[in-house]
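The following exercises are intended for a reader meeting this structure for the first time. Each sets a task and then works through the solution step by step.

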Amino acid sequence: MKTFTVDLTGDIEVETDQQCDAEVLADRILDEIRAIFAGHGAVKESSIAVAAIREKPE
């Protein structure tokens, strides 16, 4: 059986009043993604994290 590494990239745009709310939402989203990964027997290991949160310029 071969093993492959999948690198994920992208952005999630959220609309909140405060950055701390965006951080909490991002953590909840990552928890859900980790739960999905855990449910797939073929996913042996994963490391997914928030790299940065910045306010989008208007």
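**Exercise 1. A residue of the helix**

Asp27 is partly exposed, its relative accessibility being 44%. The coordinates come from a predicted model.

Task: State in which element Asp27 lies, and how far its C-alpha atom is from that of Val50.

Solution.
Step 1. The element that holds Asp27 is helix 1.
Step 2. Asp27 and Val50 are 23 residues apart along the chain, and their C-alpha atoms are separated by 8.0 Å.
Step 3. The class of Asp27 follows from the cut-offs: buried means under 20% and exposed means over 50%, with partly exposed in between. At 44%, Asp27 therefore counts as partly exposed.

**Exercise 2. The faces of helix 1**

Task: Determine which residues of helix 1 are buried, and where they fall when seen down the helix axis.

Solution.
Step 1. Helix 1 covers residues 19-38, which gives 20 residues. From first C-alpha to last, helix 1 reaches 28 Å, close to the 28 Å expected at 1.5 Å a residue.
Step 2. Ala22, Ala26 and Leu30 are the buried residues of helix 1.
Step 3. Viewed down the axis of helix 1, these buried residues fall within an arc of 70°, so they line one face of the helix.
Step 4. The other side of helix 1 carries Arg28, Glu32, Ala35 and Ala38, which are exposed.
Step 5. Gln19 also lies in helix 1; with a relative accessible area of 45%, Gln19 is partly exposed.

**Exercise 3. The chain as a whole**

Task: Compare the radius of gyration of the protein chain with that of a compact globule of 58 residues.

Solution.
Step 1. The secondary structure of the protein chain amounts to one helix and zero strands.
Step 2. For a compact globule of 58 residues, the radius of gyration would be near 10 Å, whereas the protein chain has 14 Å.
Step 3. Along the principal axes, the C-alpha atoms of the chain fill a box of roughly 50 × 20 × 10 Å.
Step 4. Burial can be added to this description: 5% of the 58 residues count as buried.

**Exercise 4. The segment after the helix**

Task: Decide whether Ile53 and Glu58 are each exposed or partly exposed, and give their distances to other residues.

Solution.
Step 1. Ile53 has its place in the segment after helix 1, and Glu58 lies in that segment too.
Step 2. Ile53 has a relative accessible area of 30% and is partly exposed. Glu58, at 96%, is exposed.
Step 3. Between Ile53 and Gly10 there are 13 Å in space, C-alpha to C-alpha, for a separation of 43 residues in sequence.
Step 4. The C-alpha atoms of Glu58 and Ile48 are separated by 28 Å, the two residues being ten apart along the chain. Glu58 and Gln19, 39 residues apart in sequence, have a C-alpha to C-alpha distance of 15 Å.

**Exercise 5. The largest pocket**

Task: Describe the volume and the lining of the largest pocket.

Solution.
Step 1. The space in the largest pocket is about 1800 Å³.
Step 2. Its lining consists of 43 residues, and those nearest the centre of the pocket are Gly10, Asp11, Ile12, Leu30 and Ala49.
Step 3. By residue type, the lining divides into 22 nonpolar, nine polar and twelve charged residues.
Step 4. Leu30 links this exercise to the second, since it is listed among the buried residues of helix 1.

Methods:
Residues are numbered from 1 along each chain as its sequence is written. This is a predicted model: local features need pLDDT of at least 70, side-chain atom pairs count only at pLDDT 80 or more; totals for chains, interfaces and linings use all residues. Side-chain values use heavy atoms; hydrogens and water are left out. On a 1 Å grid over the protein atoms alone, a cavity is a set of points where a 1.4 Å probe fits but cannot get out, and a pocket is an open set with protein on both sides within 12 Å along at least five of seven lines; lining residues have an atom within 4 Å of a point. Grid points are joined across faces, edges and corners, and a volume is the space filled by probe spheres set on the points. Ala, Val, Leu, Ile, Met, Phe, Trp, Tyr, Cys and Pro count as nonpolar, Asp, Glu, Lys and Arg as charged, and the others, Gly among them, as polar. Helices (H or I, at least four residues) and strands (E, at least two) are DSSP runs, numbered from the N terminus. The expected span of a helix is 1.5 Å times one less than its number of residues. Buried means under 20% relative accessible area, exposed over 50%, partly exposed in between (1.4 Å probe, protein chains only). The arc is that of the directions from the helix axis to the C-beta atoms. The radius of gyration is taken over C-alpha atoms; the globule rule is 2.2 Å times the number of residues to the power 0.38.
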